[in-house]
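Reader: I'd like to learn how to read rings and pockets in a protein model. Could you walk me through one?

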Amino acid sequence: MPKADRFVLKNAAIATMQTGGQPYGLIENGAIAVNGDRLDWVGVGADLPDEYHAWDSQDQGGRLVTPGLIDCHTHLVFGGNRATEFEMRLNGAGYEEIAKAGGGIISTVKATREASLDQLVHAALPRLDAFIAEGATIIEVKSGYGLNQETELNMLRAARKLAILRPVQIITSFLGAHATPAEYHGRDDAYIDEVCIPTLRAAHAQGLVDAVDGFCEGIAFSPAQIDRVFKVARDLDLPVKLHAEQLSHLGGTELATKYSALSADHLEYANERDASAMAKAGTVAVILPGAFYTLRETQMPPIEAFRKLNVPMAVATDANPGSSPLFSPLMAMNMACTLLRMTPEEALAGFTRNAALALGLRDAGMIASGMRADLAIWNVRQPAELAYRIGFNPLQKRIFGGAT
(Lines give C-alpha, C1' and ligand atoms only; values in the text may rest on other atoms or scores of the structure.)
Protein backbone atom coordinates (compact mmCIF):
# COMPACT_ATOMS: atom_id res chain seq x y z
CA MET A 1 0.00 0.00 0.00
CA PRO A 2 1.53 3.34 -1.00
CA LYS A 3 1.90 6.15 1.45
CA ALA A 4 -1.00 8.58 1.04
CA ASP A 5 -2.57 11.50 2.85
CA ARG A 6 -6.03 9.98 2.45
CA PHE A 7 -6.78 6.33 1.81
CA VAL A 8 -9.22 3.54 2.62
CA LEU A 9 -8.45 0.07 3.91
CA LYS A 10 -11.13 -2.30 2.58
CA ASN A 11 -12.13 -5.93 3.08
CA ALA A 12 -10.56 -6.18 6.52
CA ALA A 13 -11.45 -7.87 9.79
CA ILE A 14 -11.22 -4.89 12.14
CA ALA A 15 -10.60 -5.43 15.85
CA THR A 16 -11.68 -1.94 16.91
CA MET A 17 -11.18 -2.83 20.61
CA GLN A 18 -14.25 -0.77 21.44
CA THR A 19 -16.39 -2.14 24.25
CA GLY A 20 -20.08 -2.89 24.49
CA GLY A 21 -20.52 -4.90 21.30
CA GLN A 22 -18.88 -7.89 19.67
CA PRO A 23 -15.78 -9.43 21.25
CA TYR A 24 -12.73 -7.35 20.28
CA GLY A 25 -15.22 -4.80 18.88
CA LEU A 26 -14.83 -6.89 15.72
CA ILE A 27 -16.16 -5.68 12.38
CA GLU A 28 -16.13 -8.29 9.61
CA ASN A 29 -15.71 -7.13 6.01
CA GLY A 30 -14.88 -3.71 7.38
CA ALA A 31 -13.36 -0.52 6.02
CA ILE A 32 -11.29 2.27 7.56
CA ALA A 33 -10.92 5.73 6.04
CA VAL A 34 -7.64 7.37 7.01
CA ASN A 35 -7.36 11.14 6.65
CA GLY A 36 -3.86 12.36 7.48
CA ASP A 37 -2.94 11.28 10.99
CA ARG A 38 -6.56 10.58 12.04
CA LEU A 39 -9.21 7.99 11.34
CA ASP A 40 -12.12 9.56 9.47
CA TRP A 41 -14.59 6.67 9.28
CA VAL A 42 -14.80 3.05 10.45
CA GLY A 43 -17.51 0.53 9.72
CA VAL A 44 -18.83 -2.27 7.54
CA GLY A 45 -17.41 -1.91 4.05
CA ALA A 46 -20.84 -2.03 2.40
CA ASP A 47 -21.78 1.11 4.36
CA LEU A 48 -18.75 3.16 3.25
CA PRO A 49 -20.09 6.66 2.43
CA ASP A 50 -19.83 7.84 -1.17
CA GLU A 51 -17.37 10.60 -0.28
CA TYR A 52 -14.65 8.00 0.34
CA HIS A 53 -15.07 6.05 -2.88
CA ALA A 54 -12.66 8.30 -4.80
CA TRP A 55 -9.90 7.91 -2.20
CA ASP A 56 -6.94 5.61 -2.81
CA SER A 57 -7.90 2.17 -1.49
CA GLN A 58 -6.27 -1.14 -0.67
CA ASP A 59 -8.00 -4.49 -0.43
CA GLN A 60 -6.75 -6.27 2.69
CA GLY A 61 -7.97 -9.68 1.59
CA GLY A 62 -9.67 -10.33 4.92
CA ARG A 63 -6.57 -9.59 6.98
CA LEU A 64 -6.92 -8.51 10.60
CA VAL A 65 -6.43 -4.83 11.44
CA THR A 66 -5.88 -3.78 15.05
CA PRO A 67 -4.84 -0.55 16.71
CA GLY A 68 -1.06 -0.12 16.74
CA LEU A 69 0.29 -1.93 19.79
CA ILE A 70 1.19 0.11 22.87
CA ASP A 71 3.72 -1.02 25.47
CA CYS A 72 3.03 0.98 28.62
CA HIS A 73 5.92 -0.31 30.76
CA THR A 74 9.50 -0.70 29.50
CA HIS A 75 13.03 0.04 30.66
CA LEU A 76 14.30 0.16 27.09
CA VAL A 77 17.28 2.48 27.66
CA PHE A 78 20.16 0.94 29.62
CA GLY A 79 23.82 -0.03 29.42
CA GLY A 80 25.30 -3.52 29.51
CA ASN A 81 23.41 -6.73 30.19
CA ARG A 82 22.84 -9.14 33.06
CA ALA A 83 23.35 -12.55 31.49
CA THR A 84 25.64 -13.47 34.39
CA GLU A 85 22.84 -12.87 36.87
CA PHE A 86 20.49 -14.90 34.69
CA GLU A 87 22.91 -17.78 35.11
CA MET A 88 23.19 -17.13 38.87
CA ARG A 89 19.42 -17.25 39.18
CA LEU A 90 19.30 -20.58 37.38
CA ASN A 91 21.90 -21.84 39.83
CA GLY A 92 19.63 -21.02 42.74
CA ALA A 93 20.15 -17.35 43.66
CA GLY A 94 16.99 -15.35 44.35
CA TYR A 95 16.09 -11.83 43.19
CA GLU A 96 16.67 -10.28 46.61
CA GLU A 97 19.89 -12.24 47.12
CA ILE A 98 21.27 -10.98 43.82
CA ALA A 99 20.25 -7.40 44.64
CA LYS A 100 21.80 -7.46 48.12
CA ALA A 101 25.04 -8.80 46.66
CA GLY A 102 25.39 -5.70 44.52
CA GLY A 103 23.77 -7.17 41.44
CA GLY A 104 20.35 -6.48 40.01
CA ILE A 105 19.51 -2.89 39.28
CA ILE A 106 22.79 -1.60 40.73
CA SER A 107 24.90 -3.60 38.26
CA THR A 108 23.01 -2.00 35.37
CA VAL A 109 23.54 1.41 36.99
CA LYS A 110 27.31 1.02 36.65
CA ALA A 111 27.12 0.14 32.95
CA THR A 112 24.59 2.88 32.23
CA ARG A 113 26.67 5.54 33.98
CA GLU A 114 29.66 4.55 31.85
CA ALA A 115 27.70 4.92 28.58
CA SER A 116 27.47 8.18 26.65
CA LEU A 117 24.18 9.55 25.37
CA ASP A 118 24.98 8.30 21.87
CA GLN A 119 25.92 4.88 23.20
CA LEU A 120 22.64 4.62 25.11
CA VAL A 121 20.71 5.51 21.97
CA HIS A 122 22.72 3.12 19.80
CA ALA A 123 22.17 0.25 22.24
CA ALA A 124 18.42 0.92 22.52
CA LEU A 125 17.68 1.14 18.79
CA PRO A 126 17.76 -2.61 18.05
CA ARG A 127 15.44 -3.19 21.00
CA LEU A 128 13.09 -0.51 19.75
CA ASP A 129 13.21 -1.97 16.24
CA ALA A 130 12.05 -5.31 17.65
CA PHE A 131 8.95 -3.61 19.05
CA ILE A 132 8.25 -1.74 15.83
CA ALA A 133 8.59 -4.98 13.85
CA GLU A 134 5.72 -6.38 15.93
CA GLY A 135 3.36 -3.49 15.29
CA ALA A 136 4.15 -1.18 18.22
CA THR A 137 3.44 2.50 17.65
CA ILE A 138 3.65 3.89 21.21
CA ILE A 139 6.19 2.82 23.83
CA GLU A 140 6.77 4.04 27.37
CA VAL A 141 10.45 4.28 28.41
CA LYS A 142 11.62 4.78 31.99
CA SER A 143 14.78 6.21 33.48
CA GLY A 144 16.03 4.62 36.70
CA TYR A 145 19.41 3.13 35.82
CA GLY A 146 21.39 6.31 36.38
CA LEU A 147 20.53 7.21 39.97
CA ASN A 148 22.51 10.41 39.63
CA GLN A 149 21.34 13.56 37.93
CA GLU A 150 23.61 13.42 34.89
CA THR A 151 22.77 9.85 33.90
CA GLU A 152 19.06 10.02 34.71
CA LEU A 153 18.73 13.05 32.44
CA ASN A 154 20.82 11.32 29.77
CA MET A 155 18.49 8.33 29.83
CA LEU A 156 15.49 10.59 29.30
CA ARG A 157 17.31 12.46 26.52
CA ALA A 158 18.08 9.12 24.87
CA ALA A 159 14.41 8.14 25.06
CA ARG A 160 13.38 11.43 23.44
CA LYS A 161 15.96 10.91 20.69
CA LEU A 162 14.58 7.47 19.87
CA ALA A 163 11.33 9.11 18.76
CA ILE A 164 13.31 11.30 16.36
CA LEU A 165 15.21 8.39 14.84
CA ARG A 166 12.22 6.06 14.43
CA PRO A 167 8.52 6.50 13.52
CA VAL A 168 7.17 5.86 16.99
CA GLN A 169 5.86 7.84 19.95
CA ILE A 170 7.90 7.58 23.14
CA ILE A 171 6.34 8.40 26.51
CA THR A 172 8.95 9.04 29.20
CA SER A 173 8.64 8.18 32.88
CA PHE A 174 11.08 9.45 35.52
CA LEU A 175 12.05 6.51 37.74
CA GLY A 176 14.68 8.07 39.96
CA ALA A 177 13.13 6.21 42.90
CA HIS A 178 14.18 2.84 41.46
CA ALA A 179 16.98 1.88 43.83
CA THR A 180 19.51 3.51 46.13
CA PRO A 181 22.95 3.78 44.51
CA ALA A 182 26.05 2.42 46.20
CA GLU A 183 27.30 5.85 47.24
CA TYR A 184 24.10 6.33 49.26
CA HIS A 185 24.02 2.83 50.76
CA GLY A 186 22.04 2.88 53.99
CA ARG A 187 20.91 6.48 53.36
CA ASP A 188 17.77 6.01 51.31
CA ASP A 189 16.10 9.17 52.59
CA ALA A 190 19.15 11.26 51.77
CA TYR A 191 19.16 9.87 48.23
CA ILE A 192 15.49 10.77 47.76
CA ASP A 193 16.03 14.33 49.03
CA GLU A 194 19.46 15.09 47.57
CA VAL A 195 19.33 13.30 44.21
CA CYS A 196 15.94 11.95 43.21
CA ILE A 197 13.74 14.99 43.84
CA PRO A 198 16.21 17.60 42.49
CA THR A 199 16.68 15.45 39.36
CA LEU A 200 12.93 15.21 38.88
CA ARG A 201 12.68 18.97 39.03
CA ALA A 202 15.53 19.32 36.52
CA ALA A 203 13.96 16.77 34.15
CA HIS A 204 10.66 18.61 34.27
CA ALA A 205 12.32 21.97 33.67
CA GLN A 206 14.01 20.53 30.57
CA GLY A 207 10.82 18.99 29.20
CA LEU A 208 12.13 15.46 29.49
CA VAL A 209 9.47 13.77 31.61
CA ASP A 210 5.83 12.85 30.94
CA ALA A 211 5.11 10.91 34.15
CA VAL A 212 6.72 9.88 37.45
CA ASP A 213 7.23 6.29 38.58
CA GLY A 214 8.72 4.57 41.61
CA PHE A 215 9.62 1.11 42.92
CA CYS A 216 7.82 0.50 46.20
CA GLU A 217 9.33 -2.67 47.64
CA GLY A 218 11.45 -3.96 50.51
CA ILE A 219 14.57 -3.89 48.32
CA ALA A 220 13.73 -0.41 47.05
CA PHE A 221 11.66 2.33 48.73
CA SER A 222 8.91 2.49 51.32
CA PRO A 223 5.49 4.04 50.69
CA ALA A 224 6.52 7.03 52.82
CA GLN A 225 9.61 7.63 50.71
CA ILE A 226 7.72 7.31 47.42
CA ASP A 227 5.06 9.63 48.83
CA ARG A 228 7.64 12.42 49.05
CA VAL A 229 8.45 11.98 45.36
CA PHE A 230 4.79 11.87 44.37
CA LYS A 231 4.09 15.11 46.24
CA VAL A 232 6.65 16.83 44.04
CA ALA A 233 5.14 15.21 40.94
CA ARG A 234 1.76 16.59 41.95
CA ASP A 235 3.25 20.05 42.43
CA LEU A 236 4.71 19.80 38.91
CA ASP A 237 1.35 18.60 37.53
CA LEU A 238 2.85 15.30 36.41
CA PRO A 239 0.83 12.05 36.57
CA VAL A 240 2.21 9.15 38.57
CA LYS A 241 2.43 5.37 38.31
CA LEU A 242 4.04 2.80 40.57
CA HIS A 243 5.80 -0.57 40.67
CA ALA A 244 3.67 -2.03 43.46
CA GLU A 245 3.20 -5.29 45.35
CA GLN A 246 5.63 -7.24 43.15
CA LEU A 247 7.55 -9.21 45.79
CA SER A 248 5.51 -8.47 48.90
CA HIS A 249 2.48 -6.48 50.02
CA LEU A 250 3.95 -3.19 51.19
CA GLY A 251 1.01 -0.85 50.58
CA GLY A 252 2.18 0.59 47.29
CA THR A 253 -1.19 0.16 45.61
CA GLU A 254 -2.90 2.12 48.39
CA LEU A 255 -0.38 4.92 47.88
CA ALA A 256 -0.87 4.86 44.10
CA THR A 257 -4.63 5.16 44.38
CA LYS A 258 -4.28 8.01 46.86
CA TYR A 259 -2.70 9.96 44.00
CA SER A 260 -5.16 8.62 41.38
CA ALA A 261 -2.19 7.02 39.64
CA LEU A 262 -2.44 6.21 35.96
CA SER A 263 -1.36 2.67 36.79
CA ALA A 264 -0.07 0.29 39.39
CA ASP A 265 2.27 -2.30 37.87
CA HIS A 266 3.26 -5.92 38.66
CA LEU A 267 0.73 -6.47 41.49
CA GLU A 268 1.49 -10.13 42.22
CA TYR A 269 0.80 -9.56 45.93
CA ALA A 270 -2.14 -7.19 45.49
CA ASN A 271 -5.49 -8.27 46.92
CA GLU A 272 -9.17 -7.63 46.34
CA ARG A 273 -9.11 -4.57 48.59
CA ASP A 274 -6.36 -3.11 46.40
CA ALA A 275 -8.40 -3.93 43.30
CA SER A 276 -11.41 -2.13 44.77
CA ALA A 277 -9.32 0.96 45.49
CA MET A 278 -7.94 0.89 41.95
CA ALA A 279 -11.44 0.67 40.50
CA LYS A 280 -12.52 3.74 42.48
CA ALA A 281 -9.39 5.71 41.57
CA GLY A 282 -9.46 4.80 37.88
CA THR A 283 -6.00 3.23 38.16
CA VAL A 284 -5.06 0.67 35.51
CA ALA A 285 -3.57 -2.67 36.55
CA VAL A 286 -0.47 -3.31 34.43
CA ILE A 287 0.26 -7.03 34.22
CA LEU A 288 3.89 -7.96 33.52
CA PRO A 289 4.18 -11.66 32.66
CA GLY A 290 7.81 -11.37 31.55
CA ALA A 291 9.01 -10.67 35.10
CA PHE A 292 6.69 -13.34 36.49
CA TYR A 293 8.24 -15.83 34.06
CA THR A 294 11.88 -14.78 34.41
CA LEU A 295 11.80 -14.72 38.21
CA ARG A 296 9.88 -18.01 38.26
CA GLU A 297 7.23 -16.52 40.52
CA THR A 298 4.31 -18.56 41.78
CA GLN A 299 2.22 -15.77 43.34
CA MET A 300 -0.16 -14.63 40.60
CA PRO A 301 -1.72 -11.16 40.36
CA PRO A 302 -5.41 -11.13 41.34
CA ILE A 303 -6.71 -11.28 37.76
CA GLU A 304 -10.16 -12.48 38.79
CA ALA A 305 -10.56 -9.61 41.27
CA PHE A 306 -9.61 -7.12 38.56
CA ARG A 307 -12.22 -8.69 36.26
CA LYS A 308 -14.93 -8.70 38.90
CA LEU A 309 -14.35 -5.07 39.84
CA ASN A 310 -13.86 -3.86 36.24
CA VAL A 311 -10.31 -2.68 36.77
CA PRO A 312 -8.80 -2.15 33.29
CA MET A 313 -5.89 -4.54 32.76
CA ALA A 314 -2.98 -3.52 30.55
CA VAL A 315 -0.22 -5.95 29.58
CA ALA A 316 3.38 -4.90 28.96
CA THR A 317 6.79 -6.46 28.40
CA ASP A 318 8.62 -4.74 31.29
CA ALA A 319 11.56 -4.93 28.85
CA ASN A 320 14.69 -4.63 30.98
CA PRO A 321 18.12 -6.26 31.29
CA GLY A 322 17.43 -8.18 34.48
CA SER A 323 14.01 -9.34 35.61
CA SER A 324 12.31 -9.28 32.19
CA PRO A 325 14.64 -9.39 29.16
CA LEU A 326 11.54 -9.60 26.96
CA PHE A 327 11.29 -7.43 23.85
CA SER A 328 8.27 -8.99 22.16
CA PRO A 329 4.72 -7.71 22.72
CA LEU A 330 3.36 -10.82 20.98
CA MET A 331 5.22 -13.10 23.36
CA ALA A 332 4.00 -11.04 26.32
CA MET A 333 0.42 -11.58 25.12
CA ASN A 334 0.97 -15.32 24.94
CA MET A 335 2.54 -15.34 28.42
CA ALA A 336 -0.38 -13.34 29.84
CA CYS A 337 -2.73 -16.04 28.58
CA THR A 338 -0.74 -19.18 29.32
CA LEU A 339 0.85 -18.16 32.63
CA LEU A 340 -1.67 -15.76 34.14
CA ARG A 341 -4.91 -17.09 32.65
CA MET A 342 -5.93 -13.93 30.87
CA THR A 343 -8.06 -14.37 27.76
CA PRO A 344 -6.72 -13.51 24.28
CA GLU A 345 -9.17 -10.61 24.16
CA GLU A 346 -7.91 -9.29 27.52
CA ALA A 347 -4.31 -9.65 26.31
CA LEU A 348 -4.95 -7.66 23.13
CA ALA A 349 -6.91 -5.03 25.05
CA GLY A 350 -3.91 -4.92 27.37
CA PHE A 351 -1.64 -3.85 24.50
CA THR A 352 -4.16 -1.44 22.96
CA ARG A 353 -7.12 0.18 24.72
CA ASN A 354 -6.00 -0.35 28.32
CA ALA A 355 -2.35 0.38 27.59
CA ALA A 356 -3.45 3.78 26.26
CA LEU A 357 -5.35 4.40 29.51
CA ALA A 358 -2.26 3.45 31.51
CA LEU A 359 -0.38 6.23 29.70
CA GLY A 360 -3.18 8.78 29.99
CA LEU A 361 -3.80 8.73 26.22
CA ARG A 362 -7.40 9.24 25.10
CA ASP A 363 -6.91 9.20 21.31
CA ALA A 364 -5.09 5.89 20.92
CA GLY A 365 -5.65 2.19 21.50
CA MET A 366 -8.94 1.87 19.61
CA ILE A 367 -10.10 2.11 16.01
CA ALA A 368 -12.81 4.75 15.77
CA SER A 369 -13.51 8.00 14.00
CA GLY A 370 -11.29 10.78 15.34
CA MET A 371 -8.69 8.44 16.82
CA ARG A 372 -5.03 8.46 15.78
CA ALA A 373 -4.21 6.64 12.55
CA ASP A 374 -1.93 4.13 14.31
CA LEU A 375 -2.75 0.67 12.95
CA ALA A 376 -1.28 -2.80 12.58
CA ILE A 377 -2.25 -5.09 9.71
CA TRP A 378 -1.72 -8.79 10.34
CA ASN A 379 -1.61 -11.87 8.13
CA VAL A 380 -4.22 -13.58 10.30
CA ARG A 381 -8.02 -13.73 10.27
CA GLN A 382 -8.85 -14.05 13.98
CA PRO A 383 -7.64 -11.75 16.78
CA ALA A 384 -6.91 -14.72 19.06
CA GLU A 385 -4.14 -15.78 16.66
CA LEU A 386 -1.94 -12.94 17.94
CA ALA A 387 -1.72 -14.50 21.41
CA TYR A 388 -1.95 -18.10 20.21
CA ARG A 389 1.36 -18.64 18.42
CA ILE A 390 4.76 -18.71 20.13
CA GLY A 391 7.73 -17.04 18.43
CA PHE A 392 5.85 -16.13 15.25
CA ASN A 393 5.30 -12.61 13.94
CA PRO A 394 2.46 -12.26 11.41
CA LEU A 395 2.71 -8.48 10.95
CA GLN A 396 2.00 -7.44 7.37
CA LYS A 397 2.24 -3.67 7.74
CA ARG A 398 2.36 -1.00 10.41
CA ILE A 399 0.77 2.43 9.98
CA PHE A 400 1.96 5.24 12.26
CA GLY A 401 0.23 8.60 12.16
CA GLY A 402 -1.29 7.67 8.81
CA ALA A 403 2.13 6.91 7.27
CA THR A 404 3.14 3.45 6.10
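Reader: Thanks! Let me start with one side chain: is Tyr145 buried or exposed?

Author: Happy to help, and please keep in mind that this is a predicted model. Tyr145 has 2% relative accessibility, so it counts as buried. Phe78 has 4% relative accessibility and therefore counts as buried too.

Reader: How do I describe a pair of aromatic rings?

Author: Two values do the job: the distance of the centres and the angle of the planes. This structure holds six aromatic pairs. In one of them, the ring centres of Phe78 and Tyr145 are 6.4 Å apart and the planes stand at 80°, so the pair is edge-to-face.

Reader: Which parts does the pair of Phe78 and Tyr145 tie together?

Author: Phe78 sits in the loop between strand E6 (69-71) and helix H1 (83-90), and Tyr145 in the loop between strand E7 (136-142) and helix H5 (149-165), so the pair ties together parts that are 67 residues apart in sequence. Phe78 has a charged partner as well: Arg127 lies over the face of its ring, at 3.6 Å from the ring centre.

Reader: And what kind of aromatic pair do Tyr191 and Phe221 form?

Author: That pair is stacked, with 6.1 Å from centre to centre and 15° between the planes. Tyr191 belongs to helix H6 (residues 188-205) and Phe221 to the loop between strand E9 (211-216) and helix H7 (223-235), so parts that are 30 residues apart in sequence are tied together. Tyr191 and Phe221 are both buried. Elsewhere, ring pairs link Trp41, Tyr52 and Trp55 into a cluster.

Reader: Now for the pockets. How much space lies in the largest pocket?

Author: The general idea is that rolling a probe the size of a water molecule over the atoms shows where empty space is left. Here, the largest pocket holds about 490 Å³ of space. It is lined by 21 residues, and the closest to its centre are Ala99, Ile106, Thr180, His185 and Ile219. Helix H2 (95-100) and helix H3 (105-114) are the elements that give two or more residues to this lining, and H2 has the largest share, with three residues. By class, the lining has 10 nonpolar, eight polar and three charged residues.

Reader: Which residues are the closest to the centre of the second largest pocket?

Author: This pocket has about 360 Å³ of space. Thr19, Glu346, Ala349, Arg353 and Asn354 are the closest to its centre, out of 21 lining residues. H13 gives the most to the lining, with three residues. The classes here are eight nonpolar, nine polar and four charged residues.

Methods. Residues are numbered from 1 along each chain as its sequence is written. This is a predicted model: local features need pLDDT of at least 70, side-chain atom pairs count only at pLDDT 80 or more; totals for chains, interfaces and linings use all residues. Side-chain values use heavy atoms; hydrogens and water are left out. On a 1 Å grid over the protein atoms alone, a cavity is a set of points where a 1.4 Å probe fits but cannot get out, and a pocket is an open set with protein on both sides within 12 Å along at least five of seven lines; lining residues have an atom within 4 Å of a point. Grid points are joined across faces, edges and corners, and a volume is the space filled by probe spheres set on the points. Helices (H or I, at least four residues) and strands (E, at least two) are DSSP runs, numbered from the N terminus. Ala, Val, Leu, Ile, Met, Phe, Trp, Tyr, Cys and Pro count as nonpolar, Asp, Glu, Lys and Arg as charged, and the others, Gly among them, as polar. Rings of Phe, Tyr and Trp (its six-membered ring) pair if their centres lie within 6.5 Å; planes under 30 degrees apart count as stacked, over 60 as edge-to-face and the rest as tilted. Buried means under 20% relative accessible area, exposed over 50%, partly exposed in between (1.4 Å probe, protein chains only). A charge sits over a ring if NZ of Lys or CZ of Arg is within 6 Å of the ring centre and within 35 degrees of the ring normal.
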